[in-house]
Amino acid sequence: MTLPTLPLSATYFDGLQARAQPVSLQVADGALHITGDGIDRRVALPDVRWPERTRYGVRVTHLAGGGELHCADSAAWDAWSQHSGLVESWVVRLQQSWRGVLASALALVAVLAALHAWGLPLAAQTALLLLPPSVDASLGDATLKAVDDDLMRPSQLPSAEQARVQAAFAQAVHQAARHLPPDSLPDWQLVFRASRIGPNALALPGGTIVMTDELVYLVGRDTDVLTAVLAHELGHVQHRDGLRMLVQVTLLGTVGSLVLGDFSTLLAGTTALLGQAHYSRAAEHAADEAAVQFLQAARIDPAVMVTLFNKLAEVRKAERDAPADPDNWLGIAFASHPTDAERVRFFREAGKGN
């Protein structure tokens, strides 16, 4: 056996006692040879966990089966490693260069952006294909109970008024179904509630749509406007947005915790909030598009939806709410819906082509 002529002095800890022992290191015949006073150990190279090359710091090498080697002279260690033919990984070489670190950071940002834009939505869509409709129904029942417990009260809207709104929407669904692709309109159930959160409507997984009394009165019981609102909510049901959001939040949280290592930090929480807000705005826009298709098929002008936003603006003005700046990027980033101005333009444009 022929050993290289360049030994290296290091400190050896055998893993059984805390005593440091001076040793000499050599690499030969596919093994690391450790020799010293009463020490003659041979460790196969694959069983050695070599330290990464860094600018500063003690080199610490871990040995399979126990034991460590320490070398305070990092420059001497690096020269010995190179002379011994030890090959650094491409990752270690890359992180020695600021250009490599910058390129890696940019590549990571690009991968995360692509994952956010296409990867997670595609994964959520795949998950929806695997989940049966019974999951939506169970989730919708649980959500309705929670909403009733915390946000709603029994409706005070007269039964005749409820029936009138129901009939108008059912007639629109019947009319739209004659012009839309078969099975494009999901089953739905409309329920009314008095609300603690003011005028609102929301679609639950499984097809239940909740409309508040306050919304009916806000638009003057105009059934065309209410039908437009319900068409938007039916779009959410059609796209299974309730379950989709749950899946996306779960995936977003998992990816966030893997990338950032700790999901309890403000940074991780803010990242998840921004990501979810983006998905929510996309879902709202898709529901608006579905509503326009529905209304056009039902022979209702999509521009009637503008009435809702005008009424909501009047309420905010009357309550002297601070108006949101439509160009405030921070507000838009955290918003779960597109801006009212954007949606008004969308429905007005759709109405022109009606």
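Which residues of helix α1 (residues 74-83) are buried? The close-ups below start there, and they come from a predicted model.

**View 1. The buried side of helix α1.** Ser74, Trp77, Trp80 and Ser81 are the buried ones in α1. They all sit on the same side of the helix, because together they span an arc of only 125° around its axis. Turn to the face pointing away from that buried side and you'll meet Ala75 and Gln82, both exposed. The buried residues have cover from several strands, including β1 (8-13), β2 (21-28), β3 (31-36), β6 (59-63) and β7 (68-71). Just after α1 comes Gly85, with a positive phi near 80°.

**View 2. Where helices α5 and α7 cross.** Here α5 (residues 159-177) and α7 (residues 223-238) have axes that come within 9 Å and cross at roughly 60°. The crossing is right-handed. On the α5 side, the residues to look for are Arg164, Val165, Ala168, Phe169 and Ala172, and on the α7 side they meet Thr223, Leu226, Thr227, Leu230, Ala231 and Leu234. Sorted by class, this contact between α5 and α7 has 8 nonpolar, 2 polar and 1 charged residues.

**View 3. His232, tucked into its surroundings.** Staying with helix α7, we pick out His232. Is His232 buried or exposed? Its relative accessibility is 3%, so His232 counts as buried. What does His232 contact, leaving aside its neighbours within four places in sequence? The list is Glu284, Ala287, Asp288, Ala291, Met305 and Arg343.

**View 4. The largest nonpolar core.** This core has 40 residues, and Met211, Leu215, Phe294 and Leu308 are those with the most contacts inside it. Plenty of elements chip in: α5, β9 (189-195), β11 (208-212), α6 (213-218), α7, α9 (266-297), α10 (305-318) and α12 (340-352) each supply at least two residues. Helix α7 gives the largest share, 8 residues. Zoom in on Leu308 and, not counting residues up to four places away in sequence, you'll find that it touches Leu215, Leu218, Val219, Val225 and Val229.

**View 5. Another nonpolar core.** Apart from the largest core lies another, with 16 residues. Leu8, Ile39, Leu63 and Cys71 are among them. As general background for both core views, nonpolar side chains in soluble globular proteins tend to be buried together.

Key: Residues are numbered from 1 along each chain as its sequence is written. This is a predicted model: local features need pLDDT of at least 70, side-chain atom pairs count only at pLDDT 80 or more; totals for chains, interfaces and linings use all residues. Side-chain values use heavy atoms; hydrogens and water are left out. Axes are lines fitted to C-alpha atoms, for helices over the stretch in contact, and angles run from 0 to 180 degrees between N-to-C directions. Helices (H or I, at least four residues) and strands (E, at least two) are DSSP runs, numbered from the N terminus. A crossing is left-handed if the near helix is turned anticlockwise from the far one by less than a right angle, and right-handed if clockwise. Contact means heavy atoms within 4.5 Å. Ala, Val, Leu, Ile, Met, Phe, Trp, Tyr, Cys and Pro count as nonpolar, Asp, Glu, Lys and Arg as charged, and the others, Gly among them, as polar. Buried means under 20% relative accessible area, exposed over 50%, partly exposed in between (1.4 Å probe, protein chains only). The arc is that of the directions from the helix axis to the C-beta atoms. A nonpolar core is a set of buried Ala, Val, Leu, Ile, Met, Phe, Trp, Tyr and Cys residues joined through side-chain atoms within 4.5 Å.
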